[in-house]
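Please read the following account with the sequence and the model side by side. It moves from the chain as a whole to single helices, charged pairs and surface patches.

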Amino acid sequence: MFYTDSDQADDIPQRNLTQAREAGMVEDEGWRVRADGSTFWANVTITAIRTDGELQGYAKVTRDMTDRRERERQLRHERNVVEQLLETSPVGIAVVNPDGSTNRANERMAQLLEISAEDASAYTAGQRAMFDADGAFLPVEERPAFRVFETGEPLYDQEILLDPDGQRRWLSVNATPITGEEGDPEQVVVTATEITELKTVAERRKRELEGREKELATVRLATNLLETSEQPTEELLQDFVAKLPQSFRYPDRTAARVSVGEHEAATGSYEPSERSITATTTTANGTRVTIDVVLTERQPETDTEPFLEDEQQLIETLATLVAFHFERQEYIDELQAETRRLEQFAYAASHDLQEPLRMISSYLQLIERRYGNDLDADGREFLSFAVDGAERMRSMIEGLLEYSRVETQGAPLEPVDLDSVIEDVLRDLEVRIIETNAEITTASLPTVEGDASQLRQLFQNLLENALEYSEGVPRVHISTERRGSKWVVSVCDDGIGIEPEETDRIFEVFQRLHSREDYDGTGIGLALCQRIVERHGGEIWVDSESGSGSTFSVTLPAVSEADD
């Protein structure tokens, strides 16, 4: 080990030997140089060795203290950072001892307690009067720090009031124990944040909300009435107008009339009056909505106006809600009518197409029987294409007919045992299962509310797809899971899978992901499945990745307790 060049220039080696000779021993710390040229921080002890008073030499012990020095430097840095954080924190922070004295407090805590920073460390519990959220005096033993000493558990967000009779100031206080080796609290860290502005805003908002309680209750009542009602319009308006006066300052003197288009309802005491307020709007289709509220007797002399501005705003809001309800109902009625027209068109078109298609198929087959031997190879191929096309069109028309009949010709929903449904489907697919050597397993399935015929069609389509789109021996498992009022039934296969971006498109009518040369089908099977599931109030989706199989899941309504 060698001294650094600077130490040698300052004659440190010789000075250390001189001090050791004179004092018997010297200890020094500083940088030293190893034989390879690297430096390290060393603690060096040099001891003079004497025999009968005569100096015989020196014993030198060198310890590498580089790591310790770095740890000490890091600890000093962290201590300085913590100190700066403590003093610059916008949150008041104090460390409290078990006797209530303060071990340490930052400047912000001193400000919150309205004492000087110099006096903060001398602060003791009870020196400052504190009150709980209800304004009751808070004894020392019920304050956050002492509750933590008592329970050993942290305490969060306790609201404390200062100066309840003067300039009210609110603090939100947290307290956390600092435990010893045995787990008992030795000190408690208390933090305090002033929330006076938040409390002021909250109290003002509370008063405002309380002032609007009647209006909000009326809007909620109207919303619930309109959202869930299937009453005839006259009954709905009568129920609505009967409750309306209760939302005004003088309910016993208030009468109301509500009209929607040609429909009208009014309270028994309603008569047109100058002491009134009115709100009018229209639906998207032009249906006029009017709410008219009158005061049947003159208001007290202390009131300059018969109605408040908030009451005018209330009926304007209610008129908008009523218009929205009837606008939505108009839209639903139009949509249902359009859907019925489209279903009728699809059914009629599909039905009417069958006869000419049957004639085309018959004549193609007749040509094939009579003149097939007279045709060359191209002619026979063209004829084969025509026959195949007619057959595909027949399958598509039949599928379209089934699609259009889901709503119009479905049976009423009733309890259906899915185990029996799957047994029927597997019996129908028995030949295909044997041909493909498929392995189909199923969990115990529930009883659901449904149309048995349509459910058989649903699961037959899903199982046929699982068999069709498999490579090698198909393996299919049917499982189920209860989710609230629904059953989720899943059909899982190990087939070719589907690209994630294609999982929505497969449920559209006549959408195919593969050519007919690769896989047979009309492209309507999954669209039909979705239509059946939607008729049962459920959903259908697929989880899949290309090459990793597919899991088709459907939700079906569970049998109600009354049906059980």
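## A guided path through the chain

The buried residues of helix α6 pack against four strands, namely β5 (92–96), β7 (155–162), β8 (169–179) and β9 (185–194), where helices (H or I, at least four residues) and strands (E, at least two) are DSSP runs numbered from the N terminus. Helix α6 itself spans residues 144–151, and its buried residues are P144, A145, F146, V148 and F149; buried here means under 20% relative accessible area, exposed means over 50%, and partly exposed lies in between (1.4 Å probe, protein chains only). Just after α6, G152 takes a positive phi of about 80 degrees.

Before going further, it helps to know what kind of model this is. The model is predicted, so that local features need pLDDT of at least 70 and side-chain atom pairs count only at pLDDT 80 or more, while totals for chains, interfaces and linings use all residues. Residues are numbered from 1 along each chain as its sequence is written, and side-chain values use heavy atoms, with hydrogens and water left out.

Seen as a whole, the chain contains 15 helices and 20 strands, and 36% of its 564 residues count as buried. Among contacts between residues at least 6 apart in sequence, 57% join residues at least 24 apart, a contact being a case of heavy atoms within 4.5 Å. The chain exposes about 33,700 Å², of which carbon and sulfur atoms supply 48%; accessible areas come from the Shrake-Rupley method with a 1.4 Å probe, and for residues only the protein chains shown count as cover.

Two buried residues show such contacts at the level of single side chains. T45 is found in strand β3 (residues 39–51) and is buried, with a relative accessible area of 14%. Leaving aside neighbours within four places in sequence, T45 is in contact with M25, V26, E27, A59, K60, V61 and R63. V425, in helix α12 (residues 418–428), is buried with a relative accessible area of 0%, and, not counting residues up to four places away in sequence, V425 touches R456, F459, Q460 and L463. Of these, Q460 is 35 residues from V425 in sequence, yet the two lie 5.7 Å apart in space, C-alpha to C-alpha.

Charged side chains also join parts of the chain, and the structure holds 16 salt bridges, each defined as a side-chain nitrogen of Lys or Arg within 4 Å of a carboxyl oxygen of Asp or Glu. One of them is formed by the side chains of E159 and K199, at 2.9 Å from N to O. This pair links distant parts of the chain, with E159 in strand β7 and K199 in helix α7 (residues 196–211), 40 residues apart. E159 is partly exposed, with a relative accessible area of 28%, whereas K199 counts as buried at 18% relative accessibility.

A second salt bridge joins E439 and R475, whose closest N and O atoms are 3.8 Å apart. Here too the pair links distant parts of the chain, since E439 lies in strand β15 (residues 439–442) and R475 in strand β17 (residues 475–483), 36 residues apart. Both partners are partly exposed, E439 with a relative accessible area of 43% and R475 with one of 45%.

In a third salt bridge, R535 meets D451, the closest N and O atoms being 3.1 Å apart. R535 lies in helix α15 (residues 525–535) and D451 in the loop between β16 (447–450) and α14 (452–468), so the pair ties together parts that are 84 residues apart in sequence. R535 counts as buried at 19% relative accessibility, and D451 counts as buried at 4%. Elsewhere, D7, D28 and R32 are linked in a network of salt bridges.

The last stop is the surface, where patches are made of residues with over 30% relative accessible area and no salt bridge, like charges being joined within 9 Å and nonpolar side chains (Val, Leu, Ile, Met, Phe, Trp, Tyr) within 5 Å. E181, E182, D184 and E186 gather in a patch of negative charge; Lys and Arg count as positive and Asp and Glu as negative, while His and the chain ends are not counted, and the place of a charge is taken as NZ of Lys, CZ of Arg, CG of Asp or CD of Glu. Within this patch, E182 lies in the loop between β8 and β9 and is exposed, with a relative accessible area of 73%. A nonpolar patch is formed by Y331, I332 and L335, with about 280 Å² of accessible area together, and Y331 is found in helix α10 (residues 309–371).
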